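Student: I have a structure open and would like to understand the labels people attach to it. Could we go through them together?

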Amino acid sequence: MHPREQTIFALSSGRPPSAIAVVRVSGPQAGVVLSKLAGKMPKPRSAARTQLHDLRGQPIDEAIVLWFPYPASATGEDVAEFHVHGGRATLAALFAALSAFENVRPAEPGEFTRRGFENGKLDLTEAEALDDLIHADTDRQRRQALRQLKGLLGERARDWRGRIIEASALIEAGIDFSDEGDVPAELITPAVTKISSLLKEIQQVLAGQGRGERLREGLVVAVSGPPNVGKSTLINLFARREVAIVSPHAGTTRDIIEVQLDLEGYPVTVIDTAGIRETEDPVEQEGVRRARARASEADLVLWMIDARQVRQVAEKSGSVTEAPVWLVRNKIDLVGSAVTDRATRPAVGGITFDISASRGDGIADLMAALVAFANDYFGPGEGALIGRERQRKLLDQTAVSLERSISVLQRGEEFAAEELRVAANSLGRLLGRVDVEDILDVIFRDFCIGK
């Protein structure tokens, strides 16, 4: 039997132990499994309490069961759900009972969603949005994923594809009636108008994009600088817990430490790197190498120094990364007012902050600046259509093909028709309805099992 014709099951709720666990079953055997284990079939889409028994008649648990017959289910197949107590032993007994049925097997990652996609319950942009929603860490990420899940991009793409097909039909009609005198001109002109209008819409979407992808990936801020200036203390302050070792000895941080923050809904990863200095210690050398590499990939670098050492602003700080660099002067509680005077303060990129990571001085101003930077980085508004690089590339290809269809018209309507076919195909791939088998495994393997 083909794997897609088999019945699958998986835990669709959180990791045990938990108060309640939801086990989902999907496929042609779902009804048989439900009736055998529950002893009866509940009404469709109605919860029923029952005692579950395995095939040997041994009790498993008191459970709530639900039945979603084909095609009105999330996967487009027969689906049964078992809501049981979330202990490991209970789940193990239920999984063993399910595995005892012929052609019933554990699901692969993302297999429930993939079956829903294959049965027309959602398009590929909505499937990607579902994965984004599951992995959303902040409220802004959640809202963006939810908009995509409602079909924001998919609906536009279907509309665009329909208009491309309409324009293509006009041009092909012009080819068919090319011997009818003025008929081709009457067909080509409205076709070009449709293509130009559509191209403008897609270009506007592409011009405003980038922020959707950035919101999904998050902002990366690297805290870098010489050893023993308080980088780890600042990281712990950001995280509001001790995630990094704080020590008066230089070279304590040897590896990269990452902290995930939610700054007013913006996803931010703050990185604590090893102190950048020349050292003979091979382990610390590797830490410094990793620190430079990670800082070079950051979107913002906080170059931290000891405020008591005015000349400590490393000339290398600007060469670590091409990203903006802010100078953070720590330990201002240990210096006099003459040293902290702004006129004597060295600056990197003109942005400087005076803080005391141990006492909390200046932290509010630094956090406010980070929020403002994030707001500018992610862009205003929440109307981003594109959330993934795959989507942007396919829209880019669509726009290029539309441009070519207009430019090659003078060479012949056949060339324009071919470019329109390529454009429609790109949008079909965006929705997952045309020639996408090669990318489905890549997309769905990142889903959690049970989704």
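Tutor: Gladly! Buried means under 20% relative accessible area, exposed over 50%, and partly exposed in between, using a 1.4 Å probe and protein chains only. Bear in mind that this is a predicted model, where local features need pLDDT of at least 70 and side-chain atom pairs count only at pLDDT 80 or more, while totals for chains, interfaces and linings use all residues. Residues are numbered from 1 along each chain as its sequence is written, and side-chain values use heavy atoms, with hydrogens and water left out.

Student: Why is Phe9 called buried?

Tutor: Phe9 has 4% relative accessibility. The limit is under 20%, so Phe9 counts as buried.

Student: And what makes Phe95 partly exposed?

Tutor: Its relative accessible area is 25%. That value lies in between the 20% and 50% limits, so Phe95 is partly exposed.

Student: How do you know that Phe9 and Phe95 form an aromatic pair, and why is the pair called tilted?

Tutor: Rings of Phe, Tyr and Trp (its six-membered ring) pair if their centres lie within 6.5 Å; planes under 30 degrees apart count as stacked, over 60 as edge-to-face and the rest as tilted. Phe9 and Phe95 are 5.7 Å centre to centre, with 35 degrees between the planes, which makes the pair tilted. The pair links strand 1 to helix 2, and the two residues are 86 residues apart. Helices (H or I, at least four residues) and strands (E, at least two) are DSSP runs, numbered from the N terminus.

Student: What makes the pair of Trp326 and Phe373 edge-to-face?

Tutor: The angle between the planes is 85 degrees, and the centres are 5.7 Å apart. An angle over 60 counts as edge-to-face, and that is the name this pair gets. Trp326 and Phe373 are both buried, and they belong to one aromatic cluster with Tyr266, Phe353, Tyr377 and Phe378.

Student: What makes you say that Arg140 sits over the ring of Tyr266?

Tutor: A charge sits over a ring if NZ of Lys or CZ of Arg is within 6 Å of the ring centre and within 35 degrees of the ring normal. The charged end of Arg140 is 4.0 Å from the centre of the Tyr266 ring. Arg24 likewise lies over the face of Phe112, at 5.5 Å from the ring centre.

Student: How do you know that strand 1 pairs with strand 2?

Tutor: Two strands pair if DSSP finds at least two bridges between them. Strand 1 (residues 7-11) and strand 2 (residues 18-26) have four bridges, in the antiparallel sense. Strand 1 is also joined to strand 6 by three bridges, and those two run parallel. Phe9 has Val25 as its bridge partner in strand 2, and stands opposite Pro106 in strand 6.

Student: Why are strand 3 and strand 6 called edge strands?

Tutor: Each pairs on one side only. The six strands form an open sheet in the order 3-4-5-2-1-6, with mixed pairing.

Student: Why is strand 1 described as largely enclosed?

Tutor: Five of its five residues are buried, so strand 1 is largely enclosed by the rest of the structure. Thr7, Phe9 and Leu11 point one way, and Ile8 and Ala10 the other way.

Student: What about helix 9, why is that called largely enclosed?

Tutor: Seven of the nine residues of helix 9 are buried, so the same description applies. Among the buried ones are Leu234, Ile235 and Phe238.
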